[in-house]
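Work through the exercises below with the model open beside the text. Try each task before reading its solution.

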Amino acid sequence: MTRHEATRPEVASQSNASVASPRINVTPLIDVLLVVLIIFLVLTPLKPAKFLTQVPSKPDQSVHVDPPPLGLVVTIRYDGSLMLNGVSDMGSVNDTSKLGSALSDLFQQRLENHAYSDRMRDRIDLPEAMRIEKTVFIKAPRSIPYGEVVRVLDGIRGAGASPVGLQIDDLN
């Protein structure tokens with residue numbers, strides 16, 4: 001080998017060494033991924049496989065809960081007639097005017113007697129008419145069309161009741 005030939009590879013290697021090669025070192029990334037994979041493999045058997053739930057027992061039918069003292073329940077019977085707290089002859093689903101006037105009179109009596117709602121009793125910043133208990137529940141059988149229940153609901157709201165709730169239990 002001549003001296004010229006021996007120096008050429010050195011020159012070539014020196015010129016390649018001065019140029020940076022854009023190679024990404026993925027070894028640390030693979031190490032991190034393997035550690036995460038091992039952690040997941042160890043923790044997977046510790047994860048609960050099923051949810052433990054408790055189904056509530058059926059309520060005791062012999063227990064009778066009295067309605068609140070100021071509670072109002074409008075009952076729609078199967079024939080479409082209306083009752084207010086057990087008092088019949090309050091009209092029908094087609095004519096709620098008698099029920100509306102009875103509720104208006106009752107709310108006026110509560111205003112005169114200062115029968116406040118429990119949640120509004122201490123709110124002296126509100127006028128008395130807003131503090132009166134005006135909650136009404138509607139109890140209707142499932143066989144009554146929804147439109148008739150809405151008609152009764154509109155009549156109750158027209159009398160000034162707020163809020164109005166629907167009871168979901170069947171009539172006995």
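The exercises go from the overall fold to the sheet, then to the core and two single residues; the model is a predicted one.

**Exercise 1. The overall fold**

Find how many helices and strands the protein has, and in what pattern they follow along the sequence.

Solution. Start with the count: the secondary structure comes to 5 helices and 4 strands. Next, read along the sequence, which gives the pattern α-α-β-β-α-α-β-α-β. Then turn to burial: 26% of the 172 residues count as buried. Last, take the contacts between residues at least 6 apart in sequence: 55% of these join residues at least 24 apart.

**Exercise 2. The strand pairings**

Determine which strands pair with strand 3, and in which direction they run.

Solution. Step one is strand 1, which is joined to strand 3 by 4 bridges, the two running parallel. Within this pairing, V73 stands opposite F137, and T75 stands opposite K139. Step two is the pairing of strand 3 with strand 4, residues 164–167, which is also parallel and has 4 bridges. Here K139 has Q167 as its bridge partner in strand 4. Step three is the connection: the chain leaves strand 3, passes through helix 5 and reaches strand 4, in a β-α-β crossover that is right-handed.

**Exercise 3. Strand 1 and its hairpin**

Describe how strand 1 pairs with strand 2, and state which residues of strand 1 are buried on each side.

Solution. First, strand 1 and strand 2 run antiparallel and are joined by 3 bridges. V74 stands opposite L84 of strand 2 in this pairing. The hairpin formed by strand 1 and strand 2 has 5 residues between the strands, and G80 takes a positive phi near 95° there. Now consider the faces. In a regular strand, side chains alternate between the two faces of the sheet. In strand 1, L72, V74 and I76 are buried on one side, with V73 and T75 buried on the other. This agrees with the count for the strand, 5 buried residues of 5.

**Exercise 4. The largest nonpolar core**

Identify the residues that touch the most other members of the largest nonpolar core, and the elements that each supply at least two of its residues.

Solution. The core has 20 residues, and those touching the most other members are I76, L99, L103, V136, V152 and I156. At least two core residues come from each of strand 1 (72–76), strand 2 (82–84), helix 3 (97–113), strand 3 (136–139) and helix 5 (146–158). For one of these residues, list the contacts beyond four places in sequence: L103 is in contact with L72, L84, V136, I156 and A159. As a general point, nonpolar side chains in soluble globular proteins tend to be buried together.

**Exercise 5. Two single residues**

Classify T96 and F137 as buried, partly exposed or exposed, and list their contacts beyond four places in sequence.

Solution. Begin with T96, found in the loop between strand 2 and helix 3. T96 counts as buried because its relative accessibility is 16%, under the 20% limit. Its contacts are L82, R151, V152 and G155.

Continue with F137 in strand 3. F137 counts as partly exposed because its relative accessibility is 32%, a value between the limits of 20% and 50%. F137 touches L72, V73, V74, G165 and Q167. For the last of these, check the distance: the C-alpha atoms of F137 and Q167 are separated by 6.5 Å, although the residues are 30 apart along the chain.

Technical notes:
Residues are numbered from 1 along each chain as its sequence is written. This is a predicted model: local features need pLDDT of at least 70, side-chain atom pairs count only at pLDDT 80 or more; totals for chains, interfaces and linings use all residues. Side-chain values use heavy atoms; hydrogens and water are left out. A nonpolar core is a set of buried Ala, Val, Leu, Ile, Met, Phe, Trp, Tyr and Cys residues joined through side-chain atoms within 4.5 Å. Buried means under 20% relative accessible area, exposed over 50%, partly exposed in between (1.4 Å probe, protein chains only). Contact means heavy atoms within 4.5 Å. Two strands pair if DSSP finds at least two bridges between them. A crossover is right-handed if, with the strands pointing away from the viewer, the path from the first strand over the helix to the second runs clockwise.
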